[in-house]
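Visitor: I should like to learn how the features of a helical model are read. Where might we begin?

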Amino acid sequence: MSPRALAGVFSPLEPSGRAEAVTRRLSDAIALGLLPDTQQLPSETDLADRLGVSTVTVREALTALREQGLVRTRRGRGGGSFVCAPDDAATSVLRARLRGFGLGELRDLADHYAAISGACARLAADRADEQDLARLEAATERLAGAADAGARRRAEGQYHLELAAGAQSPRLTREEIALQSAVGPVLWLPYSQDATMHAACEVHRRLHQAVAAGDGAAARAAAEDHVAQMFTAVRDLHREVSRG
């Protein structure tokens, strides 16, 4: 994962942020795979400095994460707090979550996602460097090579985070993380179908070409097309699961 995407995870919280906000920020990053299993977290003091909160707040957040089974803390030499990433959420659970959405709510979330993703793509076309482009290309190939539904959802999430990182906007990166936490795995449920996944890879490649060419309008159009494509697929699945 690119340093800029990780910088979004550890950037200062809003003034109202407290232990709950720290807990949410880190649990989102774990769920999205930004913080992989067994990765050691920064020290409490370092986390407090980077997130702009007190060490007491960080300790409260780490306690909550331990209670959720997302972090374990080892004392003594070589100790620290380490990520305990859970297994991928079962598809059946995500389908039940999809059933709980109204179609209008899904459409509204997709509209929001298209606005964020489109803005990221346009800015990335202006700002992405060679390393950003290489990460975008690698993320597409990771999706193409993902063997199961969970791996495909994680690969798609990482692709969009790399796109946001290429835009070099910490606020857009945080917005991307928040949107993925709210609805990402549900939007990507149809990726279990090979045809849907291959279609997504084709749009990824078109988007990559536009970003590499510095064509912001084409990049934005590709990103918005991509989200519209995702919404169509998840809308059809929503109808299927709603029929039981």
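Guide: Let us begin with the term contact, which means that heavy atoms lie within 4.5 Å. The model before us is predicted. In it, Leu 133, Leu 136, Glu 137, Thr 140, Glu 141, Leu 143 and Ala 144 of α7 meet Met 197, Ala 200, Cys 201, His 204, Arg 205, His 208, Val 211 and Ala 212 of α10.

Visitor: How is the arrangement of two such helices described?

Guide: Two packed helices are described by the angle between their axes and the distance between the axes. Here the axes of α7 and α10 come within 9 Å and cross at roughly 170°. That angle makes α7 roughly antiparallel to α10, because angles over 145 degrees count as such.

Visitor: Which residues does Leu 143 touch, neighbours up to four places away in sequence not counted?

Guide: Leu 143 touches Arg 152, Ala 155, Glu 156, Tyr 191, Met 197, Ala 200, Cys 201 and His 204. Leu 143 is also listed with Leu 98, Cys 120, Leu 163, Val 183, Leu 207 and Val 211 among the residues with the most contacts inside the largest nonpolar core.

Visitor: How many residues does the largest nonpolar core have, and which helices each supply at least two of them?

Guide: A nonpolar core is a set of buried residues of certain kinds, joined through side-chain atoms. The largest one has 46 residues. At least two residues each come from α6 (103–127), α7 (130–145), α8 (149–167), α9 (170–187), α10 (194–212) and α11 (216–242). The largest share, 12 residues, is that of α6. There is also a second, separate core of 21 residues, which includes Val 22, Val 53, Leu 70 and Leu 161.

Visitor: How does one read the burial of a single helix, and which residues of α3 are buried?

Guide: One asks which residues are buried and in which directions they point from the axis. In helix α3 (residues 44–51), the buried residues are Leu 47, Ala 48 and Leu 51. Seen down the axis of α3, they fall within an arc of 100°, so they line one face of the helix. Gly 52 follows α3 and has a positive phi, near 75°.

Visitor: Which residues other than glycine have a positive phi?

Guide: Thr 38 is one of them, with phi near 80°; Thr 38 lies in the loop between α2 (19–31) and α3. Gln 168 is another case, with a positive phi of about 55°, and is found in the loop between α8 and α9. Gln 168 counts as partly exposed because its relative accessibility is 32%.

Visitor: Is Gln 180 buried or exposed, and what does its side chain approach?

Guide: Gln 180, in helix α9, counts as buried because its relative accessibility is 1%, and the cut-off for buried is under 20%. A polar atom of the Gln 180 side chain lies 2.9 Å from the backbone oxygen of Gly 157.

Visitor: What can be said of Arg 99 in the same manner?

Guide: Arg 99 belongs to helix α5 (residues 91–100) and, at 46% relative accessibility, counts as partly exposed. Leaving aside neighbours within four places in sequence, Arg 99 is in contact with His 238, Val 241 and Ser 242. The backbone oxygen of Val 241 lies 3.2 Å from a polar atom of the Arg 99 side chain. Arg 99 and Val 186 are 87 residues apart in sequence, with their C-alpha atoms 9.9 Å apart in space.

Conventions. Residues are numbered from 1 along each chain as its sequence is written. This is a predicted model: local features need pLDDT of at least 70, side-chain atom pairs count only at pLDDT 80 or more; totals for chains, interfaces and linings use all residues. Side-chain values use heavy atoms; hydrogens and water are left out. A nonpolar core is a set of buried Ala, Val, Leu, Ile, Met, Phe, Trp, Tyr and Cys residues joined through side-chain atoms within 4.5 Å. Buried means under 20% relative accessible area, exposed over 50%, partly exposed in between (1.4 Å probe, protein chains only). Helices (H or I, at least four residues) and strands (E, at least two) are DSSP runs, numbered from the N terminus. A polar contact is a pair of N or O atoms within 3.5 Å; within protein, one must be able to donate a hydrogen and the other to accept it, and residues adjacent in sequence count only if both atoms are side-chain atoms. The arc is that of the directions from the helix axis to the C-beta atoms. Axes are lines fitted to C-alpha atoms, for helices over the stretch in contact, and angles run from 0 to 180 degrees between N-to-C directions. Angles under 35 degrees count as roughly parallel, over 145 as roughly antiparallel, 65 to 115 as roughly perpendicular and the rest as oblique.
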